[in-house]
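Let's take a stroll through this protein chain together. Have a look at the fold below, then read on for a short tour.

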Amino acid sequence: MALMAACAFGLLWTTTASASQGSCSTQLTPAANSRIVSAETLDQSLFNAAVLHYVNIERCNRGLAPLKSDNNLIRATRQHSRNMASNAYVSHKSQQSGYRNLQDRLSRARVTYRVAGENVAKSFVFAFDRRNIGASANCQFRFSSDGAVVPRHTYNSLAEDLVSLWMESPTHKRNILYRDYRRAGAAIGIDNDSSFCGTVYVAQNFAN
């Protein structure tokens, strides 16, 4: 069975903004390296912290101020990621009344901002690494090339993979490195589909 690459979409919505620079430091909790991503024990706080860690590394490498976690932005992304997972789609738009676009979701979550953006993505609970896999049974996957067992993602490996994916796309990269942003929040939804034993739907919102 051939795996398609994980997909992602980025959106930047701008009105007016101002920027300032500052020092940047970030630490990833050890739990992110050991905890396995699972729908049954989903830890949204750990996921958000891991994604923010890798986003801030990209910003630090370019002399940009680090982003801080924002609970209201997390609330907006949690609603959207869960809706995407429930309906198996990846988009900035939604059919859900009152949450049809980024502006709606930020308003519902009571986010104040002048500049806002959103990255979304689809990935998997298993770390397929965009490689081909052979037939599976009872959620046991092996890579076609060498027969090695496909590992499950930890929060660390999933966050690192997602940010790497976003950085390969100009629109997502622009959101991650937009100098006027000061806050961010990310959330995850999981569809326990039978084909891949867990498809991941992710949203990250940014604001000044």
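## Helix 3 and its ends

This is a predicted model, and our tour starts just after helix 3, where alanine 88 takes a positive phi of about 55°. At the other end, where helix 3 starts, aspartate 70 has a side-chain oxygen within 3.0 Å of the backbone nitrogen of asparagine 72.

Helix 3 itself runs over residues 71–87, so 17 residues in all. From first C-alpha to last it reaches 24 Å, close to the 24 Å expected at 1.5 Å a residue. Plenty of its residues are buried, including Leu73, Ile74, Ala76, Thr77, His80 and Met84. What covers them? The cover includes helix 2, helix 4 (102–108) and strands 2, 3, 4 and 5.

## The nonpolar cores

The largest nonpolar core has 43 residues, and Phe47, Val51, Phe128, Val163, Ile176 and Ile188 have the most contacts inside it. Among the elements giving it two or more residues are helix 2 (44–60), helix 6 (170–177) and strand 4 (183–191). Helix 5 gives the largest share, eight residues.

Zoom in on isoleucine 188: beyond its neighbours within four places in sequence, its contacts include Val37, Leu42, Phe47, Ser81, Leu158 and Val202. Another core, of eight residues, lies apart from the largest one, with Ala76, Leu102, Ala109 and Ala207 among its members.

## How far to trust it

The chain's mean pLDDT is 85, with 87% of residues at 70 or more. Residues 1–10 stay under 50, though, and over residues 12–22 the pLDDT is also below 50. Where pLDDT is low, don't read the predicted coordinates in detail.

Terms used. Residues are numbered from 1 along each chain as its sequence is written. This is a predicted model: local features need pLDDT of at least 70, side-chain atom pairs count only at pLDDT 80 or more; totals for chains, interfaces and linings use all residues. Side-chain values use heavy atoms; hydrogens and water are left out. pLDDT is the predictor's confidence in each residue, from 0 to 100. Contact means heavy atoms within 4.5 Å. A nonpolar core is a set of buried Ala, Val, Leu, Ile, Met, Phe, Trp, Tyr and Cys residues joined through side-chain atoms within 4.5 Å. Buried means under 20% relative accessible area, exposed over 50%, partly exposed in between (1.4 Å probe, protein chains only). Helices (H or I, at least four residues) and strands (E, at least two) are DSSP runs, numbered from the N terminus. The expected span of a helix is 1.5 Å times one less than its number of residues. A polar contact is a pair of N or O atoms within 3.5 Å; within protein, one must be able to donate a hydrogen and the other to accept it, and residues adjacent in sequence count only if both atoms are side-chain atoms.
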